[in-house]
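The exercises below are meant to be worked with the sequence and the coordinates open side by side. Each task sentence is followed by a solution that proceeds in steps.

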Amino acid sequence: MSELTDDAHQRSAMHRTFQILRALGEQQREGARVTYLAKKLGLTQATTHRLLQGLMQEGMVEQDKSKIYRLSLDLFCLAAQAGAVNDLRSLARPALLRLNASLSDTVLLLVRSGFDAVCLDRVEGQYPVRTFTGDVGGRVALGVGQGALVILAYLPQAEQEEVLHYNLPRIRHYNVYDEVYLRTEIKKTLALGYNAKNSGLLQGMAGIAVPVFDRNHNVVAALSIGTHDSRLSEERLPIVRDMLTREAQQLSCLVNPFDPTLRFPMHSITAGTVQPIA
């Protein structure tokens, strides 16, 4: 009987510990005091303080001079190690293969890297195409091409403004991507949930892209189809869009926000079987 009681007590303590970690995660930017956590979780201040002290001893929680608690860097390091098990490129590969088999078009996975989008993976279709990123490892400024534009459109407002400010001078040589055009396309992308173009700078080429999010609903990548303009007619576009959207939604449920691929996409590429272009 005593062993059962001890086991139940341990489970209860563990449950409370994870409640505190989750509550701190929700307040990571502002931090939280003992009083806030106790009230939120329905615990006494003494119990909350004891659990916090235990987490601090294990290096999972830290406290500043104002007695504000936050999750520690050590905890984020552990989360990053968990993210390394199933990186974005590995998770997305089956989706790319399914889309390629169903559509016979070239399928690309683009991921953000600073002010650019990098081609993290690509499966060639039956029809030769040209894309802004070229082969795996190629990059293009955020906003140029469907995939890079989708990523830009779903960035938080402040980040989006920073990217626009930095990238507009970089892409003036295209003679198409001015500020009015990009802002119009961003608004249209957010309204539709995708970006598609049947003709553009790459003559005869067409593309459509949808966003991929992590489990915190931050945009991290885009699934994109590159094809000939004749293959993205008004009749076929909804079919392609729906298939892309379905795969992107399934993928978004799996993406770990701490996946190292999201911070160092080139490391993921060079570690794989396909080498980046020079």
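**Exercise 1. Decide whether tyrosine 177 is buried or exposed, and place this residue in the chain.**

Step 1. The model is a predicted one, and in it tyrosine 177 has a relative accessibility of 9%. Since the cut-off for a buried residue is under 20%, tyrosine 177 counts as buried.

Step 2. In the chain, tyrosine 177 belongs to the loop that runs between helix 7 (157-167) and helix 8 (179-192).

Step 3. Asparagine 167 lies 10 residues from tyrosine 177 along the chain, and the C-alpha atoms of the two are separated by 9.8 Å.

**Exercise 2. Work out which residues of helix 3 are buried and how they are arranged around the axis of the helix.**

Step 1. Helix 3 comprises residues 45-57, that is 13 residues, and the distance from its first C-alpha to its last is 18 Å, close to the 18 Å expected at 1.5 Å a residue.

Step 2. Thr47, Thr48, Leu51, Leu52 and Leu55 are the buried residues of this helix. Seen down the axis of helix 3, they fall within an arc of 130 degrees, and therefore they line one face of the helix.

Step 3. The spacing can be understood from general geometry: an α-helix has 3.6 residues a turn, so residues three or four places apart point the same way.

Step 4. On the face turned away from the buried side, helix 3 carries the exposed residues Ala46, Arg50 and Gln57. Glycine 59, which follows helix 3, has a positive phi near 80 degrees.

**Exercise 3. Establish the order of the strands in the six-stranded open sheet, and find which strands stand at its edges.**

Step 1. The six strands of the open sheet follow the order 5-4-3-8-7-6, with antiparallel pairing.

Step 2. The edges are taken by strand 5 (139-141) and strand 6 (195-197), each of which has a single partner strand, so that one side of each is left without a neighbour in the sheet.

Step 3. On average, and with direction ignored, neighbouring strands of this sheet are turned by 25 degrees against each other.

Step 4. Helix 6 (residues 146-153) packs on the sheet, where it touches strand 3, strand 4, strand 5, strand 6, strand 7 (205-213) and strand 8, and its direction makes about 35 degrees with that of strand 7.

**Exercise 4. Describe the surroundings of strand 3, and explain why this strand is largely enclosed.**

Step 1. Strand 3 spans residues 106-113, and seven of its eight residues are buried, so the strand is largely enclosed by the rest of the structure.

Step 2. With strand 8 (residues 219-228), strand 3 pairs in the antiparallel sense over six bridges. Within this pairing, valine 107 has isoleucine 225 as its bridge partner, while the partner of valine 111 is alanine 221.

Step 3. With strand 4 (residues 116-123), strand 3 pairs in the antiparallel sense over seven bridges, and here serine 113 stands opposite aspartate 116.

Step 4. Strand 3 and strand 4 form a hairpin with two residues between the strands, and in this hairpin glycine 114 takes a positive phi near 65 degrees.

Technical notes. Residues numbered from 1 in each chain as written. Predicted model: local features only at pLDDT ≥ 70, side-chain atom pairs only at ≥ 80, totals over all residues. Heavy atoms only, no water. Buried < 20%, exposed > 50% of the residue type's maximum accessible area, 1.4 Å probe, protein only. Helix = DSSP H or I, 4+ residues; strand = E, 2+ residues; numbered from the N terminus. Pairing = 2+ DSSP bridges. Expected span 1.5 Å × (residues − 1). Arc of directions from axis to C-beta. Axes fitted to C-alpha atoms, helices over the stretch in contact; angles between N-to-C directions. Contact = heavy atoms within 4.5 Å.
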